[in-house]
Amino acid sequence: MNYANNRPDGAADGPDVKVSFEFFPPKNAQMERTLWETIRRLEVFAPRFVSVTYGAGGTTRNNTHTTVERVLRETALEPAAHLTCVCATREEIDEVVHAHKDIGVRHIVALRGDPPEGIGEVYEPHPGGYESSVDLVRGIKNIGPFEVSVAAYPEKHPESPSVQADLDMLASKVDAGADRAITQFFFDNADFFRYLDRVRARGIDIPITAGIMPIHNFKQVARFAGSCGARIPDWLAKRFDGLEDDPETARLVAAGVAVEQITELLEAGINEFHFYTLNRAGLTAAICHSIGLKPQTPERPAEPRTNAA
């Protein structure tokens, strides 16, 4: 099946590849230097946007805002600020949304979020807070005309009781105003194609962007996968078997795996990809080059874009 109609513009000819990159806010000066080295290396691929994550329980709230503000001030990139429902009242979350709006942010990634370590593994709404990502999307849209992205799960959210319940949740987020969905990372494209078929059959027509996880460290990614319900296929584990002490070969294998995955998606008409960079540029840059993205001279704003109208 050809999924070219998954493209927001309906285009079916040519690769017309669109990418976006996800970063997490730095916790110290060294991490900040690394982050900005990564941003500078990846901005040449003209991403549609770059997103900045929000720590469990809102633990990186200030750092997220500061990072987004610097992206606006020093680059021509469009930042998307992550926001969650966890450990905050509606008033506190609304303050964050207004703060983003005041500096010119126009895109928010709205997520339910996970409880911070030590509070418990089961999500419980904060008293007086937004109960779910659906409520959060609605609240953001009430504050301003933000573009709102939400999460989607090709292999079902690990807490969803069923595939149908998971689709119903996505439909509710769309009804609340979500403009697009970004998927959890996956490694078997059959899972993504099956999911997209179900989404469209459910009548959900927003763009679905494929989440791509470059494998910088196989054991680390396997742990991530186990916690978020993403499957590690046997063939993928075999690719990295025996490479624990050979990081150079592992990186080459990782680049090949991602390029194979994206090439198959492109051939099926999928053309939007969101890279979970883990604040590392090398693999993501190599993959972008390999799928045909040509580096461009990055623009620099003539004047800061913060406090934009």
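**Exercise 1. Determine which residues of helix α3 are buried, and where they lie around the helix.**

*Solution.* Step 1. In α3, the buried residues (those under 20% relative accessible area, with exposed meaning over 50% and partly exposed in between, for a 1.4 Å probe and protein chains only) are I93, V96, V97, H100 and I103.

Step 2. Viewed down the axis of α3, these buried residues fall within an arc of 135 degrees, so they line one face of the helix. The arc is taken from the directions that run from the helix axis to the C-beta atoms.

Step 3. An α-helix has 3.6 residues a turn, so residues three or four places apart point the same way.

Step 4. The face of α3 turned away from the buried side carries E91 and E95, which are exposed.

The structure is a predicted model, in which local features need pLDDT of at least 70 and side-chain atom pairs count only at pLDDT 80 or more, while totals for chains, interfaces and linings use all residues. Residues are numbered from 1 along each chain as its sequence is written, and side-chain values use heavy atoms, with hydrogens and water left out.

**Exercise 2. State the span of α3 and what follows the helix.**

*Solution.* Step 1. Helix α3 covers residues 90-103, 14 residues in number. Helices (H or I, at least four residues) and strands (E, at least two) are DSSP runs, numbered from the N terminus.

Step 2. From its first C-alpha to its last, α3 reaches 20 Å, close to the 20 Å expected at 1.5 Å a residue. The expected span is 1.5 Å times one less than the number of residues.

Step 3. After α3 comes G104, with a positive phi near 105 degrees.

**Exercise 3. Identify the polar contacts made by the side chains of D191 and T209.**

*Solution.* Step 1. D191 belongs to helix α6 (residues 189-201) and counts as buried, at 9% relative accessibility.

Step 2. The side chain of D191 has a polar contact of 3.0 Å with that of R194 and another of 2.8 Å with that of R231. A polar contact is a pair of N or O atoms within 3.5 Å; within protein, one must be able to donate a hydrogen and the other to accept it, and residues adjacent in sequence count only if both atoms are side-chain atoms.

Step 3. T209 lies in strand β7 (residues 208-212) and is buried, with a relative accessible area of 3%. Its side chain is joined to that of E272 by a polar contact of 3.3 Å.

**Exercise 4. Describe the two largest cavities by volume and lining.**

*Solution.* Step 1. There are three cavities of 30 Å³ or more. On a 1 Å grid over the protein atoms alone, a cavity is a set of points where a 1.4 Å probe fits but cannot get out, and lining residues have an atom within 4 Å of a point. Grid points are joined across faces, edges and corners, and a volume is the space filled by probe spheres set on the points.

Step 2. The largest cavity has a volume of about 40 Å³. Its lining includes Y153, K156, F185 and C228, and divides into five nonpolar, two polar and two charged residues. Ala, Val, Leu, Ile, Met, Phe, Trp, Tyr, Cys and Pro count as nonpolar, Asp, Glu, Lys and Arg as charged, and the others, Gly among them, as polar.

Step 3. The second largest cavity holds about 30 Å³. Among its lining residues are F187, M213, V257 and Q261; by class, the lining has seven nonpolar, one polar and no charged residues.

Terms used:
On a 1 Å grid over the protein atoms alone, a cavity is a set of points where a 1.4 Å probe fits but cannot get out, and a pocket is an open set with protein on both sides within 12 Å along at least five of seven lines; lining residues have an atom within 4 Å of a point.
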